[in-house]
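Student: Before we discuss this protein, could we put the sequence and the model side by side?
Tutor: Yes, here they are, and we can then take the questions one at a time.

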Amino acid sequence: MTTLSEKYRTIRKGLKKSLSEARYAHSLGVAATASCMAMRYDISLVEKAYLAGLLHDTAKCLPDGEKLRLAQEKGIPVNEFEKASPGLLHAPLSAVLAEENYGVTDPEILSAIRLHTLGKPEMTTLEAILYVADYAEPDRPDVPYFRTIREAAFRDLDQAAYLTAKTAVDYTRKKGQGVDPRSLETLAYYKMKMEEKGLS
Ligand SMILES: [Fe+2]
Ligand SMILES: [Fe+2]
């Protein structure tokens, strides 16, 4: 029988081959951060959070043309924002590869991977953990609100998701790119949660 640590080791070996060195280091950072956040918010999610973190960027290093081709092959709808920035497709494609290449079938894990760049209103605990951990992990290059996201990550998951959504939207706007409406929906929902909690 394969033990859990053997399973993790096999996945890490595969990722090391298919990701750049920096992306591999980031994936380990997200796995560690997400699993620690699970210890804080829901101990039963530690293993799932680690796996989701490891595998969330599985498709990140595919060339853009390959991302578009694979999305078409797998029946993933591609909107105008994704056509302009095929990099966005790495999230749903990573869920496909996590299942096909690494045998992950847990719908909670696959959904967290699928949503990790755009988020959505009312994310599950696992989805929100991965969404935040992607920014809060220690090896992430500097982003605005960095410190506040990290401070909030272990204090209030809704606030951390709000700060992450705000950072993601601001960053895309700064680059002069159009913002996918799904990111705006995520931001609007978590902004409302902040107002409800008197934290905005
Ligand atoms: Fe990603
Ligand atoms: Fe990532």
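## Questions on the fold and the metal sites

Student: How many helices and how many strands does the protein chain have?
Tutor: What we are looking at is a predicted model, so everything below describes that model. From the N terminus on, the elements of the protein chain run α-α-α-α-α-α-α-α-α-α-α. The count for the protein chain is therefore 11 helices and 0 strands.

Student: What is the radius of gyration of the protein chain, and what does the globule rule give for 200 residues?
Tutor: Along the principal axes, the C-alpha atoms of the protein chain fill a box of roughly 50 × 40 × 30 Å. The globule rule gives 16 Å for 200 residues, and the chain is close to that value, so it is as compact as a globular protein of that length; its radius of gyration is 16 Å.

Student: Which share of the contacts with a separation of 6 or more joins residues 24 or more positions apart?
Tutor: As background to the packing, buried residues make up 48% of the 200 residues in the protein chain. Among the contacts in the protein chain with a separation of 6 or more, the share that belongs to residues 24 or more positions apart is 60%.

Student: Which protein residues are the donors of the iron ion (ligand 1)?
Tutor: Along the chain, the donors of this ion follow the spacing D-x32-H-x25-H. Asp57 lies in the loop between helix H3 (46–55) and helix H4 (64–73), while His116 lies in the loop between helix H7 (107–114) and helix H8 (125–136), so that this pair links parts of the chain 59 residues apart. Both Asp57 and His116 are buried. The protein donors of the iron ion (ligand 1), lying 2.1 Å from it, are Asp57 (OD), His90 (NE2) and His116 (NE2).

Student: Is the arrangement of the 4 donor atoms around the iron ion (ligand 2) tetrahedral or irregular?
Tutor: The protein donors here are His26 (NE2), His56 (NE2), Asp57 (OD) and Asp134 (OD), lying 2.2 to 2.3 Å from the iron ion (ligand 2). A tetrahedral assignment would need all angles to lie between 85 and 135 degrees. The 4 donor atoms subtend angles of 81 to 175°, which makes the arrangement irregular.

Student: How many residues apart in sequence are the parts that His26 and Asp134 tie together?
Tutor: The donors of the iron ion (ligand 2) follow the spacing H-x29-H-D-x76-D along the chain. His26 is buried, with a relative accessible area of 5%, and Asp134, at 5% relative accessibility, also counts as buried. Since His26 lies in helix H2 (residues 21–41) and Asp134 in helix H8, the parts that this pair ties together are separated in sequence by 108 residues.

Student: Which residue bridges the iron ion (ligand 2) and the iron ion (ligand 1)?
Tutor: The two iron ions lie 3.3 Å apart. The residue that coordinates both of them is Asp57.

Student: Which helix gives the most residues to the largest nonpolar core?
Tutor: In soluble globular proteins, nonpolar side chains tend to be buried together. The largest nonpolar core here has 52 residues, and Leu15, Met37, Leu54, Leu55, Ile109, Ile113 and Val132 touch the most other members. With 9 residues, the element that gives the most to this core is H8. Apart from it lies another core, of 8 residues, among them Leu70, Ile76, Leu93 and Val96, but for the largest core the answer remains H8.

Student: How many of the 10 residues of H3 are buried?
Tutor: The buried residues of H3 are Ala49, Tyr50, Leu51, Ala52, Gly53, Leu54 and Leu55. These buried residues pack against helix H1 (4–18), H2, helix H6 (90–102), H7 and H8. H3 is thus mostly covered, and the number of its 10 residues that are buried is 7.

Student: Is Tyr24 buried or exposed?
Tutor: Tyr24 has its place in helix H2. Not counting residues up to four places away in sequence, Tyr24 touches Arg12, Leu15, Lys16 and Leu19. Buried means under 20% relative accessible area, and because the value for Tyr24 is 13%, Tyr24 is buried.

Student: Which residue has a positive phi of about 50° although it is not a glycine?
Tutor: The residue is in the loop between H7 and H8. At 57% relative accessibility, this residue counts as exposed. The residue with that positive phi is Glu122.

Note on methods:
Residues are numbered from 1 along each chain as its sequence is written. Chains are lettered from A and ligands numbered from 1 in the order in which they are written. This is a predicted model: local features need pLDDT of at least 70, side-chain atom pairs count only at pLDDT 80 or more; totals for chains, interfaces and linings use all residues. Side-chain values use heavy atoms; hydrogens and water are left out. Donors are N, O and S atoms within 2.8 Å of the metal (3.2 Å for Na, K and Ca); water is not among the atoms, so sites may look incomplete. Helices (H or I, at least four residues) and strands (E, at least two) are DSSP runs, numbered from the N terminus. Buried means under 20% relative accessible area, exposed over 50%, partly exposed in between (1.4 Å probe, protein chains only). Four donors count as tetrahedral if all angles lie between 85 and 135 degrees; four count as square planar and six as octahedral if opposite donors are over 155 degrees apart and all others between 65 and 115; anything else is irregular. A nonpolar core is a set of buried Ala, Val, Leu, Ile, Met, Phe, Trp, Tyr and Cys residues joined through side-chain atoms within 4.5 Å. The radius of gyration is taken over C-alpha atoms; the globule rule is 2.2 Å times the number of residues to the power 0.38. Contact means heavy atoms within 4.5 Å.
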